[in-house]
2 protein chains.
Amino acid sequence: MEFDVGARLRAVRETHDLSQRALAKRAGVTNGTISLIEQNRVSPSVGSLRKVLEGIPMSLSDFFALQALPRQKVFFPAAELMEIGGGAISYRQVGRDLSERGLQVLHEHYRAGADTGRAFLRHQAEEAGVVIRGRLEVVVGDQRRILGPGDAYYFDSRLPHRFRNVGDEDCELVSACTPPSF
Amino acid sequence: MEFDVGARLRAVRETHDLSQRALAKRAGVTNGTISLIEQNRVSPSVGSLRKVLEGIPMSLSDFFALQALPRQKVFFPAAELMEIGGGAISYRQVGRDLSERGLQVLHEHYRAGADTGRAFLRHQAEEAGVVIRGRLEVVVGDQRRILGPGDAYYFDSRLPHRFRNVGDEDCELVSACTPPSF
DNA sequence: TTATTGTGTTTAAAATATTGAACGCTCTAA
DNA sequence: TTAGAGCGTTCAATATTTTAAACACAATAA
C-alpha cells in the first residue's frame, strides 16, 4: 500500500550499477535531487521522476509495477535445483514449492539404459521437452520415437507415456509441465 | 513514451462519475489542484497524485499500467525476434499452433552480446528456464543475475524482464512459459 | 603525507506545485 | 427573469520541490 518511492528508486539505480551522479547526468537532473528522492525527503513530481527513470531507462509503469508483485525467488543456481529422482534418473526441478505456481521445469539426466516405466494418466496436464545430449526413446500412446540433441516432444499428459535412454552415454534434457505434476 | 498524466486522470475521474470537486474532497486536495493537473499545467508530485488516486480509488501501479497495456501489444517484440534462424537470437518453438495449448517450450540460442531488449508486463503468465551453455544475464524487476550452465530462473511474467548473452560465445537455453506468450 | 577522484549528503536560492478564493459559465427551479 | 447550485478555470499567496554549490567521507595514487 505504502509505496516507498525512495527505496525503490535506490534499488533500481543500484541494480543498474549507476551512481547518483551518473544517473543524474543521464536523466538531466542534479545529483542532489536523486539523493533527496531516495531519502524520501521530497516527493518528486511525476515529471521529474519520469526524467530520472528515462536515465535508467525504465517506464513509470514498470517502476510502479515492481512493488505490485511480491518479490519472489527468481534465480536458481545449478547446485540449488531440487533433486527429485536421485537414481538412474535425475530430475532437477527449478523452484522448490510449486503449489502456488503453474509451471514445472525440470533439468533431467538419464543414465545409460535408464527407464521411467509407464507413467500414470494425469488430469489436464501438458508437457514438452527438448533433448540436449544423448538418445532418448519417447513412447506416447501408440507412437514411439528416438530423439537426439535438439529434438523435442509435446503431448497431452493424459496419454500413457514413457521415457528411456537408449544410448551408450548419459542423456540430458529440459522438460516443462503445466500444471506441475508433482 | 509520452505519458499524458492529465488526460489519463481526467478519463479515470470521468469513468467514475466524479466531478473535480467531488474527487478533490475525497482525496483531500483542492479542486484547483485537480484542474491544473488535468490540464497538464503542473506535474503533480507522486505524493499528491497518490492522494488523488486514493479518492478514486486506484493504485499508482494501475494508473500507469493503463497506458502501458496498448504499448505492450504494439511493441511486443516476440513476433520479430522469433524468426527461426533469424537474427542474433533464435527461438525454436516446440509445436506449431499454440492457440489451443497451455504451454510453450522454446529452445533458444543467443549470439554473443545478443539482447532481448526490455520485455513488458504480460497477463497471468509464468516462465522458467535452464541455461545449457554460455553466460546469460537475466534481469527481472529490480533483480539481476548472470546464469551459467545448469543454472535456472523462474518468475512471474508480469514483472518486466530482459535477457542478454554477456559471454564471448553463443548461449543456449531451454525455456517454458504458461500460458504461451506468443 | 598529499592530492585526486569518487561516493552520498546538505543548504540557501530559484523554480515549481498547491492552496484558497475568486471568476465565468451552464443548468434548473422559482 | 431571478436566484441558486453545480461545473471547470484562473490568480496571488503559500508550500514544496529542484537547483547549484558546497560539505564530509572513503578509496587510490603520487
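A polar contact is a pair of N or O atoms within 3.5 Å; within protein, one must be able to donate a hydrogen and the other to accept it. The model used here is predicted.

**Exercise 1.** Find which side chain makes a polar contact with the side chain of A:Gln20.

*Solution.*
- Locate the residue: A:Gln20 belongs to helix 2 of chain A.
- List its contacts, leaving aside neighbours within four places in sequence: A:Arg10, A:Arg13, A:Asn31, A:Ile34, A:Ser35 and A:Glu38.
- Pick the partner: the side chains of A:Gln20 and A:Glu38 are joined by a polar contact of 3.1 Å.

**Exercise 2.** Describe the protein surface near DNA strand C.

*Solution.*
- Count: 22 residues surround the strand.
- Name the closest: A:Arg21, A:Asn31, A:Arg41, B:Thr33 and B:Ser48.
- Sort by class: five residues are nonpolar, 11 are polar and six are charged.
- Assign helices: helices 1, 2 and 3 of chain A and helix 3 of chain B each supply at least two residues.
- Find the top contributor: helix 3 of chain A gives the most, with four residues.

**Exercise 3.** Which parts of DNA strand C come within 4 Å of the protein, and how much is sugar and phosphate?

*Solution.*
- Take the share: sugar and phosphate make up 67% of the strand's atoms that come within 4 Å of the protein.
- Start with chain A: a polar side-chain atom of A:Arg10 lies 3.2 Å from a phosphate oxygen.
- Add A:Ser35: an N or O atom in its side chain is 3.0 Å from a phosphate oxygen.
- Turn to chain B: for the side chain of B:Thr30, the distance from an N or O atom to a phosphate oxygen is 3.1 Å.

How values were computed
Residues are numbered from 1 along each chain as its sequence is written. Chains are lettered from A and ligands numbered from 1 in the order in which they are written. This is a predicted model: local features need pLDDT of at least 70, side-chain atom pairs count only at pLDDT 80 or more; totals for chains, interfaces and linings use all residues. Side-chain values use heavy atoms; hydrogens and water are left out. A residue is near a molecule or strand if one of its heavy atoms lies within 4 Å of it. Ala, Val, Leu, Ile, Met, Phe, Trp, Tyr, Cys and Pro count as nonpolar, Asp, Glu, Lys and Arg as charged, and the others, Gly among them, as polar. Contact means heavy atoms within 4.5 Å.
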